[in-house]
Amino acid sequence: MGNNAIKAHLENSQKTGIFQLTGKGLPEFPEELQRLTGNLRTVDLSSNKIEMLPAAIGNFLQMKSLTLNCNKLTSLPDEIGKLKKLETLLLNGNHLTQLPITVGQLKALRTLSLSGNKFREFPAGLGSLRHLDVLDLSKNHIQAVPAEVAALQAIEINLNQNQISVVSAEVSTCQRLKVLRLEENCLELTSIPVSILTTSQVSLLSVEGNLFEVKNMRDLEGYEKYMERFTATKKKFA
């Protein structure tokens with residue numbers, strides 16, 4: 001990727017606040033972007049070969065959306081936590097195994113997408129993200145949904161295509177959780193906490209492709225209560 005091409009993009013970005021350069025084989029975060037820390041709101045560098053983000057990422061104080069899908073990231077710098085206006089962080093298809101604790105400082109974050117990474121454990125410290133609507137952790141290697149998940153404010157949590165065999169009953173205390181996706185995991189019918197059906201706010205529990213027949217969920221205590229929420233939600237959007 002020639003510097004001239006980046007320069008042309010930069011001139012445009014200065015006017016629009018948007019920098020998009022995808023599928024160009026970039027090996028690193030373009031240093032030239034440093035000139036635009038004051039006005040860049042949206043950056044999309046998907047489908048490149050970026051292995052790390054510079055600490056200077058913390059200087060982009062106006063940034064609202066950062067997309068780095070399909071790169072080679074193995075970690076994130078602590079400075080990512082300085083992006084106080086960031087609402088969307090999309091990091092699908094990288095090699096991440098954990099998040100820095102500073103991600104919990106992204107107070108404006110609404111969407112955090114980490115599908116197709118290398119997580120073996122549910123990331124800690126996300127309970128402080130009070131505006132988080134959607135958390136996507138599908139296509140990882142997570143084996144359990146821990147009790148700490150109770151602190152999450154998310155409306156939707158996607159855990160499809162992991163290796164989950166244990167779900168903490170605490171998930172049913174998530175105050176805003178409406179959609180819980182657990183398709184294609186290693187769950188037995190007995191692994192589904194009854195409280196998700198009886199007392200939670202969840203109106204869509206997606207469990208196809210596990211170690212039981214979905215129709216057998218009808219025999220669980222609280223299934224009718226769950227179906228009332230499911231049907232009411234369906235009507236609302238019909």
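## Report on a parallel open sheet and selected residues

S47 has a relative accessible area of 40% and is therefore partly exposed, since this value falls between the limits of 20% for buried and 50% for exposed. The structure is a predicted model. The loop that holds S47 runs between β2 and β3. The phi angle of S47 is near 55°, a positive value in a residue that is not glycine. As a rule, most residues other than glycine have a negative phi.

**Overall architecture**

The secondary structure of the protein consists of three helices and eleven strands. Along the sequence these elements follow the pattern α-β-β-β-β-β-β-β-β-β-β-α-β-α. The C-alpha trace spans about 65 × 35 × 30 Å along its principal axes. The protein has 238 residues, of which 47% count as buried. Its exposed surface comes to about 11800 Å², and carbon and sulfur atoms supply 49% of that area. Among contacts between residues at least 6 apart in sequence, 35% join residues at least 24 apart.

**The sheet**

Nine strands form an open sheet with parallel pairing, in the order β1-β2-β3-β4-β5-β6-β8-β10-β11. The edges are occupied by β1 (18-20) and β11 (204-206); each has a single partner strand, so one side of each is left without a neighbour in the sheet. From one strand to the next, the twist averages 5°. In general, strands of a sheet pair through backbone hydrogen bonds, either parallel or antiparallel. Here β1 and β2 run parallel and are joined by three bridges. F19 has V43, in β2, as its bridge partner.

**Residues in the loops**

M63 also belongs to the loop between β2 (42-44) and β3 (65-67). With a relative accessible area of 0%, M63 is under the 20% limit and is therefore buried. M63 touches L40, R41, V43, I57, K85 and L86, when residues up to four places away in sequence are not counted. One of these partners, R41, is 22 residues from M63 in sequence, yet the two C-alpha atoms are 4.0 Å apart. V43, another contact of M63, is the bridge partner of F19.

S115 is placed in the loop between β5 (111-113) and β6 (134-136). Its relative accessibility of 11% is under 20%, so S115 counts as buried. The side chain of S115 makes a polar contact of 2.8 Å with the side chain of S138. Beyond its neighbours within four places in sequence, S115 is in contact with L91, N92, G93, D136, S138, K139 and N140.

K139, one of those contacts of S115, lies in the loop between β6 and β7 (144-145). Although K139 is not a glycine, its phi is positive, at about 60°. K139 is partly exposed, with a relative accessible area of 48%.

**Cysteines and accessibility**

A disulfide is a covalent bond between the sulfur atoms of two cysteines. A search of the whole structure finds zero disulfides. C70 is partly exposed, at 43% relative accessible area, whereas C174 is buried, at 2% relative accessibility. The values for the residues discussed are collected below.

| Residue | Relative accessible area | Class |
|---|---|---|
| M63 | 0% | buried |
| C174 | 2% | buried |
| S115 | 11% | buried |
| S47 | 40% | partly exposed |
| C70 | 43% | partly exposed |
| K139 | 48% | partly exposed |

Notes:
Residues numbered from 1 in each chain as written. Predicted model: local features only at pLDDT ≥ 70, side-chain atom pairs only at ≥ 80, totals over all residues. Heavy atoms only, no water. Helix = DSSP H or I, 4+ residues; strand = E, 2+ residues; numbered from the N terminus. Buried < 20%, exposed > 50% of the residue type's maximum accessible area, 1.4 Å probe, protein only. Contact = heavy atoms within 4.5 Å. Polar contact = N/O pair within 3.5 Å; in protein donor to acceptor, adjacent residues only side chain to side chain. Disulfide = S-S within 2.5 Å. Pairing = 2+ DSSP bridges. Axes fitted to C-alpha atoms, helices over the stretch in contact; angles between N-to-C directions. Areas by Shrake-Rupley, 256 points an atom, 1.4 Å probe, with all protein chains shown as cover.
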